[in-house]
Amino acid sequence: MSSGLEVKNLQKHFGGIVVANNICLDLKPGDRKALIGPNGAGKTTFANLLTGTLMPESGSIRLDGADILSLKESKRVRAGVAKTFQITTLFKAMSVRENIRLPILERERKSLNWLSSSASFPEVENEIEQLLTQFNLETFADLRVQDLAYGQQRLVEMALTLALKPRILILDEPSAGVPTSDAHIIIEAIERLPQDLAVLIIEHDMKLVFRVAARIVVLVNGAILLEGSPEEIAGNQQVRDLYLGASHAH
Amino acid sequence: MSTDAAKTLAVTPPRKRFRTRLLLDLVLIGIGSATFFLFPENLGFVTRVLIMIIFVLSLDLVIGYAGIATLGHAALFGSGAYAAGLFAVYISADPLIGLAIGIIAGAVIAFLSGLILLRAGGLTLLMLSIAIAQILQEIANKERPLTGGSDGLLGIDMDPIFGIFAFDFFGRTGFWYVFVILVMVFFLLKLVVASPFGLAARGIHESPARMRAIGTPVYWRLVGIYTLAGAIAGIAGALSAQVTELVSLEALGFTLSAEALIMLILGGTGRLYGAIFGTVIFMSVHHWAASIDPFNWLFVIGGLVLVVVYFVPEGLLGLPAKLRQWLRAGR
């Protein structure tokens with residue numbers, strides 16, 4: 001039985017437009033893979049097909065050999081596939097601590113408990129502290145998310161998703177909306193992710209992609225154009241013409 | 001953001017918040033008990049206010065915490081009222097067993113209707129919630145031999161509570177019976193909203209998409225919250241039937257649902273205390289204004305709602321914070 005995520009021949013149309021055309025992709029534990037492509041290439045759609053937000057017309061998605069295609073989004077999360085959103089989607093009126101507490105309680109199946117305080121589980125609180133430290137969010141723990149800068153909200157988004165202890169983590173444009181001067185914070189946070197976690201990064205910021213990804217997949221019009229190492233991708237004339245520009249050739 | 005700025009913006013620590021609110025709860029219990037001695041001639045009205053507070057607390061759980069838009073909450077109140085009333089007339093007049101029947105009826109109707117309602121959202125949900133209440137009201141109307149139809153369900157004559165405390169003409173027993181149940185419901189709801197279940201309800205209200213993405217079965221969780229709210233609305237309905245010894249079709253009516261919503265908006269949603277303040281203010285103004293001008297009292301309520309919605313959209317509970325904000329802006 002193969003470990004990790006195995007996607008085969010994924011197909012999806014929106015009306016007459018093909019948004020996923022026979023996509024095949026593997027993610028092994030510890031992989032750092034980036035998915036790049038021009039706007040409208042179908043990157044977020046592909047992420048939504050993986051998480052179960054959208055259902056494909058055909059193809060298969062297997063996690064550790066088990067078919068997860070028929071599972072709903074919430075069950076795929078429990079199986080170990082989690083994602084961050086392209087546009088920050090957090091519980092903005094709640095504190096950072098509560099934002100991280102929610103997924104841990106859900107993961108530990110404590111969220112049906114309605115007679116204990118949500119803050120009364122020491123093991124959950126310890127885990128929250130660890131995640132706050134990992135993402136340098138200790139100072140902001142008791143702030144409402146709506147009062148944080150956007151870059152900090154992106155970190156909360158990652159902390160919240162990591163709190164699910166996923167095996168497959170999909171980061172949908174983690175640096176979108178973050179000022180260039182703060183992009184290094186996001187890069188460092190990605191570099192600190194657990195080593196055995198398989199990460200798929202959908203990103204436009206090539207600096208980030210070439211820094212953190214070991215393999216890059218290029219998606220164009222819903223189909224995979226090419227997969228290779230950062231050097232192979234940067235040196236490919238077709239990719240340069242389509243997307244990167246000459247600056248990454250050398 | 002600096003550490004100092006973070007400290008300024010930080011939410012109140014839970015322990016400090018707990019102490020402040022416990023003090024407020026004790027003050028509220030004191031005021032509630034005092035109304036018995038302050039308004040001995042008006043215990044019937046005061047008891048009706050207490051029952052409505054339970055009903056509006058249930059609505060706050062649905063709208064304020066879980067974000068379920070409804071204009072048919074009377075369906076759950078009326079179900080509890082008719083179930084408790086019918087039980088008292090045809091099976092047993094024991095108040096506590098009747099109360100349990102009301103709870104079960106409210107919860108069952110909420111669960112069954114929730115299975116349909118909560119697949120929808122927005123305006124569709126709003127319209128469906130009205131439709132469910134109207135259907136139940138029409139059933140109660142058509143089943144005249146059983147329910148009394150438009151004449152209402154009569155013949156409810158409750159036994160003494162625990163076989164000791166008989167319901168009296170002045171409503172003294174009724175007041176304490178309802179008051180004790182209200183205090184129990186309030187503290188139960190405080191527990192619920194502070195629990196993981198309550199946190200998840202707030203999460204669904206804020207972002208259903210994110211809740212699905214953290215593995216929450218959002219639909220079933222909403223059905224669970226709606227069922228709990230149905231049980232509480234059923235308590236209010238059952239108490240109403242037992243204390244007034246009458247159940248009319250209005251118990252399932254649109255007016256009751258709409259008035260409860262106005263009470264909640266007046267007080268402020270998603271804080272439980274808003275349900276208490278909003279209900280007391282609405283019913284007191286109603287009582288006072290209707291006694292002065294029985295035909296035009298709605299002008300006063302309408303004006304009050306307009307002022308609140310325009311100037312304090314968080315409800316009257318948000319008034320102190322708004323005043324501070326205005327004072328700061330005026331300096």
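In the predicted model, helix H3 of chain A is mostly covered, with 12 of its 12 residues buried. This helix spans residues 96-107 and reaches 18 Å from its first C-alpha to its last, close to the 16 Å expected at 1.5 Å a residue. The buried set includes nonpolar side chains such as Val96(A), Ile100(A), Leu102(A), Ile104(A) and Leu105(A), and among its other members are Arg97(A), Glu98(A), Arg101(A), Glu106(A) and Arg107(A), which count as charged. The cover of H3(A) is drawn from both chains, in that it includes helix H4 (122-134) and helix H5 (150-162) of chain A together with helix H9 (196-206) of chain B. After H3(A) comes Arg109(A), for which phi is positive, near 55 degrees.

Helix H9 of chain B also figures in the contact between the chains, to which chain B gives 28 residues and chain A gives 38 residues. On the side of chain B that touches chain A, two or more residues are given by each of helix H1 (3-9), H8, H9 and helix H10 (208-213) of chain B, and the largest share, 8 residues, comes from H9(B). By residue class, this side of chain B divides into 17 nonpolar, 7 polar and 4 charged residues.

Helix H8 of chain B, residues 172-194, holds Gly174(B). Because 20 or more C-beta neighbours within 10 Å define a buried residue, Gly174(B), with 27 such neighbours inside 10 Å, counts as buried. When residues up to four places away in sequence are not counted, Gly174(B) touches Thr47(B), Phe167(B) and Val243(B). The C-alpha atom of Gly174(B) is separated by 8.5 Å from that of Leu43(B), although the two residues are 131 residues apart along the chain.

Elsewhere in chain B, helix H13 (residues 273-292) and helix H14 (residues 297-311) have axes that come within 8 Å and cross at roughly 145 degrees, and the crossing of H13(B) with H14(B) is right-handed. To this contact H13(B) supplies Phe282(B), Val285(B), His286(B), Ala289(B) and Ala290(B), while H14(B) supplies Trp297(B), Val300(B), Ile301(B) and Leu304(B). The residues of the contact comprise 8 nonpolar, 1 polar and no charged.

In chain A, an open sheet is formed by 4 strands in the order E2-E1-E4-E5, with antiparallel pairing. Strand E2 (17-27) and strand E5 (66-67) of chain A stand at the edges and each have a single partner strand, so one side of each is left without a neighbour in the sheet. Strand E1 (residues 5-14) of chain A pairs with E2(A) in the antiparallel sense over 8 bridges, and within this pair Val7(A) stands opposite Leu25(A) of E2(A). Helix H1 of chain A, residues 43-51, packs on the sheet and touches E1, E2 and strand E4 (58-63) of chain A, its direction making about 60 degrees with that of E2(A).

Further pairing in chain A involves strand E9 (residues 215-220), which runs parallel to strand E3 (residues 32-36) and is joined to E3(A) by 4 bridges; here Ile36(A) stands opposite Val218(A) in E9(A). With strand E10 (residues 223-228) of chain A, by contrast, E9(A) runs antiparallel and shares 5 bridges, and Val217(A) has Glu227(A) in E10(A) as its bridge partner. The hairpin of E9(A) and E10(A) has 2 residues between the strands, and in this hairpin Asn221(A) takes a positive phi near 50 degrees.

Key. Residues numbered from 1 in each chain as written. Chains lettered and ligands numbered in written order. Predicted model: local features only at pLDDT ≥ 70, side-chain atom pairs only at ≥ 80, totals over all residues. Expected span 1.5 Å × (residues − 1). Contact = placed C-beta atoms within 7 Å. Axes fitted to C-alpha atoms, helices over the stretch in contact; angles between N-to-C directions. Left-handed = near helix turned anticlockwise from the far one by under 90°. Pairing = 2+ DSSP bridges.
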